[in-house]
Amino acid sequence: MTDPTYDSLDMLIGELKRSAIDAYMRDHGYTVSGSSYEKVAPNRSVGESVVECPQEDGSGGGKEVVYFTDGPPSKSEGYCDSFDEIRQKIDKLLKKWKDLPSPREIEIESSKCLEVTKVLASTATTQNGLMVPAGMVIPANLELIGHKLRSMKGETADAIQAKFLTALSAAVGNLNRISIYLGGSLVAEGKVFSAARKAVAKAVLEAKKACDSVARGGRSELKIVVKIAKLVADGIAAFTGPLGAAYKATTIGSGVSSVALGGIDASEVESSGEVHSNVGNYDQALTALGKALDAINFDIRNGESALSANIVDNIDIITGNRSAFDLSIEPIRSKEKLLIVVPEDAMAIAKSHLPPIAEELSKTARSALGFSMTTAVMRDEGVGIGSKGPGEMFASMRTLLYELLRELAWDVENGAANLRSAIELIENEDANSKAALEQSARNIDKGSQIDPWNHHQTWDPHGSM
């Protein structure tokens with residue numbers, strides 16, 4: 001028989017019901033003969049009991065005809081209620097396993113996240129086996145800004161370079177790492193449920209085989225290997241590459257930090273491994289199936305707990321390194337200390353290179369709200385760490401990314417306006433130019449009114465707030 005698939009689970013469950021009823025009837029002294037179960041009665045007056053078999057999908061059956069040695073046969077509902085109880089037991093065991101998350105749906109959300117990563121990437125990378133190209137707008141304009149900053153000199157020019165080249169480049173890189181991590185989290189969930197679906201189908205098939213063995217008068221061993229939990233570490237690494245277990249921020253110059261998020265140490269995630277049970281009758285077969293399903297759930301729960309805790313740890317790293325995501329612009333308030341060597345190059349930075357970056361960051365922020373874990377991983381609340389899995393913690397990090405992108409877009413947009421006003425004041429020192437510079441400085445002093453940090457929630461890594 002080919003490996004079972006989760007898509008055929010309903011069919012497998014129906015076949016299990018039939019096999020379980022076969023085993024049950026064997027326990028009660030019956031043997032299968034064609035479409036009936038038959039048992040020769042020891043009582044002299046009763047010759048034989050014949051019970052109707054269920055269909056191959058486990059439905060129906062149970063009606064009994066008792067043949068007497070001296071008299072007409074007696075018909076009754078016989079085992080109908082017993083067969084219904086067996087079917088109900090199996091349905092109860094498998095109810096929460098019938099609508100596990102679809103890896104394809106999770107992959108769709110991961111692909112949406114990948115689009116955000118592409119925009120923010122400064123270089124091409126390989127993620128989950130796919131080549132991810134570098135972004136077009138942001139890296140190209142940052143490179144042009146670097147070339148044209150040579151057209152400005154002085155203390156103010158040094159500050160502009162520190163903010164709009166070194167710090168901006170680092171902030172975009174740090175935001176990219178958040179998007180990569182979010183994509184890795186989705187891949188991790190996808191790997192967990194791809195394996196879980198296969199394991200559930202396998203467990204049902206093995207239970208059926210065990211029942212078939214019992215029905216033939218033999219014994220069997222229900223054995224299944226469960227190695228699901230550690231796949232969360234593989235999922236993170238497949239998307240992000242080796243992040244390392246250590247959380248750190250490295251200073252790269254001018255007080256700017258490059259933030260490294262942490263991966264999951266697979267050695268610290270416990271899996272069930274091989275689960276096996278000896279099966280000699282119907283009751284033992286269903287008990288063994290329950291044990292296998294519990295082992296699968298144990299692994300899902302452990303894997304999702306590890307992923308949840310890892311998300312929380314990384315949110316803490318992000319919130320503990322706020323300056324790594326924020327330009328903290330000090331506005332230009334006068335034309336003093338700013339020497340323009342090539343005015344057209346300086347104006348190009350303010351009008352042609354910084355605004356497209358701001359626009360791209362703002363557009364990417366909106367895209368960051370376009371993907372979700374919760375919608376893709378919904379399942380019965382009894383599976384894993386709950387119906388939403390790590391979805392709420394994921395959403396907290398995704399919202400943090402959204403607001404950090406908005407904040408950075410605002411910083412770049414208003415910093416560009418401030419620089420443009422300062423250059424215009426140098427070129428044309430009049431009341432309007434002076435007022436424009438003062439207004440741009442006031443705008444920066446007032447701030448964006450976007451506070452990515454004011455709604456951060458403390459999460460329980462096991463799935464609830």
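Y30 is a good place to start: this tyrosine is buried, with a relative accessible area of 3%. The structure here is a predicted model. From Y30, the tour below moves through a cluster of aromatic rings, then to a five-stranded sheet and the helix on it, and ends with the cysteines.

**Aromatic rings**

- Searching the whole structure turns up 5 aromatic pairs.
- Y30 and Y79 form one of them: their ring centres are 5.6 Å apart and their planes stand at 85°, which is over the 60 degrees needed, so this pair is edge-to-face.
- Y30 sits in the loop between α1 and β1, while Y79 sits in the loop between β5 and α2 (80–94), so their pairing ties together parts that are 49 residues apart in sequence.
- Is Y79 buried or exposed? Y79 counts as buried because its relative accessibility is 15%, and the cut-off for buried is under 20%.
- Y37 and F83 also make an edge-to-face pair, with 6.2 Å from centre to centre and 80° between the planes.
- Which elements does that pair tie together? Y37 belongs to strand β2 and F83 to helix α2, so the link spans parts that are 46 residues apart in sequence.
- Y37 and F83 are both buried.
- Put together, ring pairs join Y30, Y37, Y79 and F83 into a cluster.

**The sheet and its helix**

- Five strands make up an open sheet, in the order β1-β2-β3-β4-β5, and their pairing is antiparallel.
- Which strands form the edges? They are β1 (31–33) and β5 (74–76), each of which pairs on one side only.
- On average, neighbouring strands of this sheet are turned by 25° against each other, direction ignored.
- Helix α1 (residues 9–27) packs on the sheet and touches β1, β2 (36–40) and β3. The direction of α1 makes about 5° with that of β2.
- Strands β3 (residues 46–52) and β4 (residues 64–68) run antiparallel and are joined by 5 bridges.
- For a landmark to look up in the 3D view, find E48, which stands opposite Y67 in β4.

**Cysteines**

- How many disulfides are there? The count comes to 0 when a disulfide is taken as a pair of cysteine sulfur atoms within 2.5 Å.
- C113 has 0% relative accessibility and therefore counts as buried.
- C211 counts as buried too, because its relative accessibility is 0%.

Terms used. Residues numbered from 1 in each chain as written. Predicted model: local features only at pLDDT ≥ 70, side-chain atom pairs only at ≥ 80, totals over all residues. Heavy atoms only, no water. Pairing = 2+ DSSP bridges. Helix = DSSP H or I, 4+ residues; strand = E, 2+ residues; numbered from the N terminus. Axes fitted to C-alpha atoms, helices over the stretch in contact; angles between N-to-C directions. Contact = heavy atoms within 4.5 Å. Phe/Tyr/Trp six-rings, centres within 6.5 Å; stacked < 30°, edge-to-face > 60°. Buried < 20%, exposed > 50% of the residue type's maximum accessible area, 1.4 Å probe, protein only.
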